[in-house]
Amino acid sequence: MTGHFLLLHPKNPAWAPASLAPLLDALKAIGFLGAERGAGRYSAGPDYLGLITYLGCSPQIALGDNEAATAIRIAGIFEVPQFVQGGNLKAPRCPQCRKTLHKPAVSLEAKGELQCSHCGHAASACAFDWRRSAACARLFIEISNVFESEAVPGEALAACLQQAGGEVWDYCYVRKAG
Ligand SMILES: [Zn+2]
């Protein structure tokens with residue numbers, strides 16, 4: 001799928017719920033998920049605009065059931081953490097010394113290791129801070145038609161996600177081309 005996405009994901013890359021059902025029920029109950037358009041793909045629910053905060057003064061938001069409208073896709077649960085990145089990938093910061101590394105030239109996998117050129121710290125790609133341009137998780141909630149930094153999950157949605165599984169969630173932006 002091409003386009004610009006806001007990705008919500010559990011902060012802990014290793015964690016995933018035992019099943020999706022309680023999470024989906026909670027997200028439907030608060031009006032985040034609307035009609036199911038296909039397997040794991042939903043229209044924005046009736047309270048979507050109260051749960052996702054758009055930061056621009058006049059964002060173009062198309063909601064409803066037509067194909068071009070904003071869609072919410074549930075990706076996962078994956079057996080192992082997936083490293084998701086797009087064309088907007090930024091140079092990561094080292095978790096140890098906080099300095100910025102060069103952007104990796106090749107696409108990474110979750111188990112791929114990176115070494116900091118400043119302090120020598122070596123860790124998996126998941127451990128580095130990608131400044132909201134990539135994520136590592138076993139479950140993603142992918143919201144289409146959101147440009148980088150255009151919108152953020154609101155407090156009520158963050159609380160719902162945390163209550164549904166007992167884990168804190170985070171978010172990032174991914175631009176996919178083809
Ligand atoms: Zn370092």
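**A pocket between two domains, and one disulfide**

Strands β9 and β12 (169-176) each supply at least two residues of the lining of the largest pocket. The model is a predicted one, and this pocket is a convenient place to begin reading it.

Rolling a probe the size of a water molecule over the atoms shows where empty space is left. Here, the largest pocket has a volume of about 260 Å³. Its lining is made up of 18 residues, and those nearest the centre of the pocket are H9, F128, W130, A134 and D170. By type, the lining residues divide into twelve nonpolar, five charged and one polar.

Where does the largest pocket lie with respect to domain 1 and domain 2? Domain 1 covers 3-90 + 134-176, and domain 2 covers 93-129. Both domains give residues to the lining, so the pocket lies between them.

Strand β9 also takes part in a disulfide, through C136. A disulfide is a covalent bond between the sulfur atoms of two cysteines. A search of the whole structure finds one such bond. C126 and C136 form this disulfide, with their sulfur atoms 1.9 Å apart. The pair links distant parts of the chain, ten residues apart: C126 sits in the loop between β8 (122-124) and β9 (134-137), while C136 is in strand β9 itself.

Which cysteines are buried, and which are partly exposed? Buried means under 20% relative accessible area. C136 counts as buried because its relative accessibility is 6%. C116 is also buried, at 3% relative accessibility. C119, with a relative accessible area of 38%, is partly exposed.

Technical notes: Residues are numbered from 1 along each chain as its sequence is written. This is a predicted model: local features need pLDDT of at least 70, side-chain atom pairs count only at pLDDT 80 or more; totals for chains, interfaces and linings use all residues. Side-chain values use heavy atoms; hydrogens and water are left out. A disulfide is a pair of cysteine sulfur atoms within 2.5 Å. Helices (H or I, at least four residues) and strands (E, at least two) are DSSP runs, numbered from the N terminus. Buried means under 20% relative accessible area, exposed over 50%, partly exposed in between (1.4 Å probe, protein chains only). On a 1 Å grid over the protein atoms alone, a cavity is a set of points where a 1.4 Å probe fits but cannot get out, and a pocket is an open set with protein on both sides within 12 Å along at least five of seven lines; lining residues have an atom within 4 Å of a point. Grid points are joined across faces, edges and corners, and a volume is the space filled by probe spheres set on the points. Ala, Val, Leu, Ile, Met, Phe, Trp, Tyr, Cys and Pro count as nonpolar, Asp, Glu, Lys and Arg as charged, and the others, Gly among them, as polar. Domain bounds come from an automatic or database domain assignment.
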